[in-house]
Amino acid sequence: MLSLIVFLPLAAAVVLAAIPGTVAPRLFLWSWIAVAAVDVALVVVAWIGYPGGLAYEEKLRWTSAGVGYHVAVDGLSLPLVAMTSVLFLACAIYSLRQTQRVKSFVLLFLFLQTVSVGLFVALDLILFFVYFDLSIVGMYFVIAGWGHGQARRAALTFFLYTFVGSLALLLGFIGLYLAANPHTFDIVELARSHPLTGRGAYGGLVLLAVGIGFAVKTPTVPFHTWLPPAHTDAPATGSAILAGVLLKMGTYGFVRIAMPLLPDTWRAYAPVVVVVGVVSVLYGALVALAQEDFKRMVAYTSVNHMGYILLAVGAAGLVAGSDAQARALAVTGAVTQMVSHGLITAALFLLAGVLWDRSGSYDMGSYSGLAGPAPVFAGATGLAAFSSLGLPGFSGFIAEFQIFTGSLASATVATALAVLGILITAGLFLRALQRLLLGPLRIPDAPGAARRPSRQSDHRFADLRRSEAASILPLLALVVVIGVLPRFLLDIIEPASTTLINLVSR
Amino acid sequence: MLAWLLVGVPLGAGALLACAGRRADRAAPALGVFAATVTLALAIAAALRRPEATAPLLAGIDARLAVDGLSAILVVTVAAVTLAVLLFASGEFGQGEARSRFTGLMLLFVGAMLVTVTATGLVLLLMGWEVMGATSWALIAFWWREPQRVRAANVAFLTTRGADLGLYLAAGAALAGGVGSLTLAGLPRATQPWLALLTAGIVLAAVGKSAQLPLSFWLSRAMAGPSSVSALLHSATMVAAGAYLLLRVQPLLAASGWAAPLVAWVGAATAVALGLVAVAQTDLKQLLAASTSAQVGFMVLAAGAGGVAAGTSQLVAHAATKSALFPAAGARRHRGWESSRHPRCSPSSLPLPRGGGVVARYRYRCLLPCAGRRALGEWLHLERAAQLLVVRPTMALARGLAAFDDRVLHRAVMAVPAMGLWLARRSDRRAEVGVDGAVRAVVAGARRLGVLARRPQTGQLHQYYAQAAVALFVLALLTVWLR
């Protein structure tokens with residue numbers, strides 16, 4: 001079942017590769033949509049049939065060196081698998097208007113989908129690492145091939161930076177492998193034996209290596225500087241996948257690998273994680289507040305939102321002074337935040353893509369009053385902005401409320417500071433809404449377009465087209481559903497966070 | 001079920017209307033009045049039947065709605081005022097205005113208020129509380145083409161949200177203090193020091209929402225919205241929510257020891273100071289706004305002093321008066337009476353449009369002496385203080401950090417590959433040249449040796465004999481020397 005979900009897009013890519021690129025591009029686009037929809041349907045089936053615990057397990061011995069093909073889902077990974085497949089479907093629909101080298105674009109995204117879903121179900125460190133690195137390769141080509149502005153430079157920065165991070169990760173994995181007896185890369189076995197408990201500096205070094213690897217990918221301050229250029233110059237769908245899915249690989253790594261495999265080291269260094277989290281929250285929010293470029297601003301809010309996750313997983317490691325209910329609440333909030341941020345930020349980046357498509361600029365100062373010619377676009381942007389600033393009724397609140405409430409007992413000062421983050425994000429999003437959407441109408445001239453009298457330009461900013469609406473609005477609908485009726489999601493996550501809390505407090 | 005319907009009808013109808021777009025404009029006022037009527041009927045039924053409803057929300061934290069004595073009074077007040085305001089609003093907007101969006105947002109706003117006053121736990125209360133703030137933003141900025149109205153909405157939302165952070169902290173403190181279910185009734189049982197943090201958070205949130213000192217200024221800016229929005233926001237919702245919360249958690253204020261007197265003093269100070277501010281206003285709507293703040297001060301004072309019944313009756317009486325006054329003020333503007341003087345200073349024969357307005361205004365005319373206190377006209381300069389102390393430093397810090405991010409952090413990271421490239425070029429120039437030169441020297445040496453090796457091959461026999469003789473002589477010498 002899981003292997004089918006993972007490899008269906010890749011298989012489709014192999015089949016499509018055999019068809020010459022001169023055939024109508026719509027064939028590729030519609031087959032991509034069909035494959036992504038089937039994948040979503042399969043995930044829904046898996047979700048409905050999910051029995052709890054580690055489910056849909058598949059295990060094959062691969063090499064004698066302790067590397068195996070081991071996949072399964074639990075409450076930490078199933079929501080992320082679902083979120084990933086939904087985002088790829090949204091990107092497929094959004095790309096219906098793609099005209100540039102369609103075949104390779106579709107093949108690349110199918111490849112990326114296999115890699116992304118594969119990472120979330122992997123239960124073997126080497127398998128995890130392979131997917132982790134391949135995702136970087138895939139995203140490099142997306143940014144370099146279909147980006148704009150200084151795309152190649154941004155793509156290269158992204159590639160080198162995250163690749164160096166993944167090398168640190170590999171070192172940490174090897175450290176874990178060598179410590180285990182018998183040597184193994186299997187995550188479940190390593191979690192059971194947690195071989196580095198009581199090994200002092202060795203455990204600290206392994207956590208440092210693994211932590212840097214994940215911190216670069218997440219990204220946290222100060223390892224975030226690859227993110228803004230990569231987002232600004234990436235195509236809209238690339239940004240959506242980068243922010244929605246690839247960033248989660250870092251945060252997911254913390255809850256899947258760093259916490260359960262290195263429990264006592266995690267507890268020892270949890271204050272460091274909390275501090276990094278709070279600094280990311282405040283720094284990301286403040287720098288976002290000062291941005292003039294809409295897409296760059298959204299990119300920095302990702303740093304802010306990922307900071308909440310670090311705060312929560314750090315607070316979950318501070319065992320003294322808090323009860324298990326609070327810590328489990330924080331972890332549940334962190335996983336909910338991964339799903340919620342994926343949906344909201346993908347929607348925001350796709351909306352930013354609409355801005356670029358119409359006028360070729362993300363500069364907030366050159367727009368004004370878009371709510372007039374494009375009310376649906378304005379409404380969707382407003383909803384996405386309010387959900388991103390954590391308004392109740394949207395998924396962000398469910399996540400952030402649990403994070404704050406669960407973290408306050410163990411990390412009081414840090415949480416009190418981090419709460420300021422939601423005020424700053426409120427300020428920056430209101431400012432952005434005011435500048436982009438409200439006030440008298442002003443639209444920058446599209447590049448290459450002849451300067452026309454302003455009266456005609458009133459109708460130049462077209463509202464959301466059908467493919468754009470069909471990709472963005474369902475994401476926002478999901479955000480509202482999670483915000484109003486979160487039980488269907490929390491029922492899956494909560495048992496897994498209780499398990500994780502027990503593993504960490506060993 | 002009744003409890004869910006009570007909040008579900010306005011929220012559902014509001015969400016539908018707000019999303020419907022311009023198509024629903026024609027039908028929106030009638031639909032809004034219908035939804036408000038249904039809500040009022042449900043509210044009366046709820047006040048009589050006292051329903052309860054529970055649904056699971058978070059782990060160990062349920063979402064529970066219940067209508068008790070205090071809530072019963074509030075739901076009926078809120079629903080009745082809403083119906084009256086929507087009836088007035090159906091005449092306020094012209095054909096071209098987005099009436100569907102307006103009606104939808106008003107219903108959402110009221111639905112959120114109903115959630116706030118029926119919630120029995122902090123989570124649901126916070127949800128209603130914040131949604132109310134956000135919809136008030138959208139309502140104040142209803143005429144969004146005019147930047148100053150949007151700015152006013154931003155000020156109102158950011159100020160109240162800043163105070164709302166207190167509720168987030170209160171929720172965390174309640175959990176840490178042992179009240180795992182986060183119910184309002186259980187809050188006084190929290191252990192110290194969490195009880196203090198919990199109380200402080202709730203008081204902060206209530207002070208912000210109720211526009212008490214020192215956060216009163218947002219109410220002045222909130223006047224930028226349509227009159228019917230002001231009528232609703234100033235009477236039974238929004239500002240009333242803060243007072244309601246303090247009345248609701250009165251046992252907590254008493255348990256904390258310090259909070260009850262503090263709240264009482266804040267309420268008393270606001271009642272006096274904002275009363276003076278109201279007297280000094282020259283704009284009728286501003287006068288009403290300041291007087292709202294002052295009147296709510298009495299409710300806050302009552303909550304601090306333990307007079308829940310007194311505070312509640314003040315809340316209901318004020319809601320009834322204010323909801324009538326704002327439409328009256330709005331109607332005056334519509335008729336071109338852009339009032340730059342307050343009623344007492346203007347000609348005494350002002351034709352107020354509705355009977356209720358006259359009665360309501362009369363009450364204030366009795367209370368207010370006509371004293372133009374310009375010093376108080378600017379709302380005690382509270383907004384400017386907030387600008388100077390909070391907004392500007394934050395923006396400066398944000399710009400500074402953004403510059404640091406671009407110019408220092410990003411460059412520092414980019415310096416690593418740059419350094420690599422520099423090293424590569426340097427080794428290309430220095431080391432590479434050296435190695436290359438050594439190889440070339442070996443080649444040149446070999447070539448020269450080759451040339452030298454060809455010298456003896458002259459082809460003349462006597463020279464070969466001479467060379468052989470020299471070689472034998474050298475060999476002999478070598479043999480002698482080695483032995």
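# Helices, loops and contacts in chains A and B

Reader: In which helix of chain A is Gly238(A) found?

Author: The model is a predicted one. In it, Gly238(A) belongs to the helix of chain A that covers residues 236-261. That helix is α10.

Reader: Does Gly238(A) count as buried or exposed?

Author: A residue counts as buried when its relative accessible area is under 20%. The relative accessibility of Gly238(A) is 0%, so this glycine is buried.

Reader: How far apart in space are Gly238(A) and Ala346(A), C-alpha to C-alpha?

Author: In sequence, 108 residues separate Gly238(A) from Ala346(A). In space, the distance between the two, C-alpha to C-alpha, is 9.5 Å.

Reader: Leaving aside neighbours within four places in sequence, which residues is Gly238(A) in contact with?

Author: Contact here needs heavy atoms within 4.5 Å. With its neighbours within four places in sequence set aside, Gly238(A) touches Phe109(A), Met139(A) and Val142(A).

Reader: At what angle do helix α3 and helix α18 of chain A pack?

Author: Helix α3 of chain A holds residues 78-94, and helix α18 of chain A holds residues 466-484. Their axes lie 7 Å apart, and the angle is about 160 degrees.

Reader: Which term describes how α3(A) runs relative to α18(A)?

Author: The angle between the two is about 160 degrees. Angles over 145 degrees fall in one class, and therefore α3(A) is, relative to α18(A), roughly antiparallel.

Reader: Is the crossing of α3(A) and α18(A) left-handed or right-handed?

Author: On the α3(A) side, the residues that meet the partner are Val86(A), Leu87(A), Ala90(A), Ile93(A) and Tyr94(A). On the α18(A) side they are Ser467(A), Glu468(A), Ala470(A), Ser471(A), Ile472(A), Leu475(A) and Leu478(A). The crossing of α3(A) and α18(A) is left-handed.

Reader: How many nonpolar residues does the contact of α3(A) with α18(A) have?

Author: The contact of α3(A) with α18(A) includes 2 polar residues and 1 charged residue. Its nonpolar residues number 9.

Reader: Which residues does the cis peptide bond of chain A join?

Author: Omega of this cis bond is about -20 degrees. The proline of the pair sits in the loop between α8 (201-217) and α9 (227-233) of chain A. The cis bond joins Thr218(A) and Pro219(A).

Reader: In chain B, what is omega for the cis bond from Leu213(B) to Pro214(B)?

Author: Pro214(B) is in the loop between α7 (194-209) and α8 (217-221) of chain B. For the cis bond that leads to it from Leu213(B), omega is near 0 degrees.

Reader: What is the relative accessible area of Leu182(B)?

Author: Leu182(B) is not a glycine, yet it has a positive phi of about 60 degrees. It is located in the loop between α6 (147-176) and α7 of chain B. Leu182(B) is buried, its relative accessible area being 0%.

Reader: Does Met238(B) count as buried or exposed?

Author: Met238(B) has a positive phi of about 50 degrees without being a glycine, and its loop runs between α9 (227-234) and α10 (239-248) of chain B. Its relative accessibility is 1%, so Met238(B) is buried.

Reader: How does α6(B) run relative to α7(B)?

Author: The two helices pack with their axes 7 Å apart and at an angle of about 155 degrees. An angle over 145 degrees decides the class, so α6(B) and α7(B) are roughly antiparallel.

Reader: How many nonpolar residues are in the contact of α6(B) with α7(B)?

Author: α6(B) passes α7(B) in a left-handed crossing. Among the residues that make the contact are Leu167(B) of α6(B) and Trp194(B) of α7(B). The contact has 4 polar and 2 charged residues, and its nonpolar residues number 12.

Reader: Does Gln286(B) count as buried or exposed?

Author: Gln286(B) lies in helix α13, residues 284-305 of chain B. Apart from its neighbours within four places in sequence, it contacts Ser220(B), Met223(B), Gln281(B) and Trp379(B). With a relative accessibility of 16%, against a cut-off of 20%, Gln286(B) is therefore buried.

Reader: What is the radius of gyration of chain B?

Author: Chain B has 19 helices and 2 strands. The globule rule gives 23 Å for its 483 residues, and the chain is well over that, so it is more spread out than a compact globule. Its C-alpha trace spans about 150 × 55 × 50 Å along the principal axes. The radius of gyration of chain B is 40 Å.

How values were computed
Residues numbered from 1 in each chain as written. Chains lettered and ligands numbered in written order. Predicted model: local features only at pLDDT ≥ 70, side-chain atom pairs only at ≥ 80, totals over all residues. Heavy atoms only, no water. Helix = DSSP H or I, 4+ residues; strand = E, 2+ residues; numbered from the N terminus. Buried < 20%, exposed > 50% of the residue type's maximum accessible area, 1.4 Å probe, protein only. Axes fitted to C-alpha atoms, helices over the stretch in contact; angles between N-to-C directions. Parallel < 35°, antiparallel > 145°, perpendicular 65-115°, else oblique. Left-handed = near helix turned anticlockwise from the far one by under 90°. Nonpolar A, V, L, I, M, F, W, Y, C, P; charged D, E, K, R; others polar. Rg over C-alpha atoms; globule rule 2.2 N^0.38 Å.
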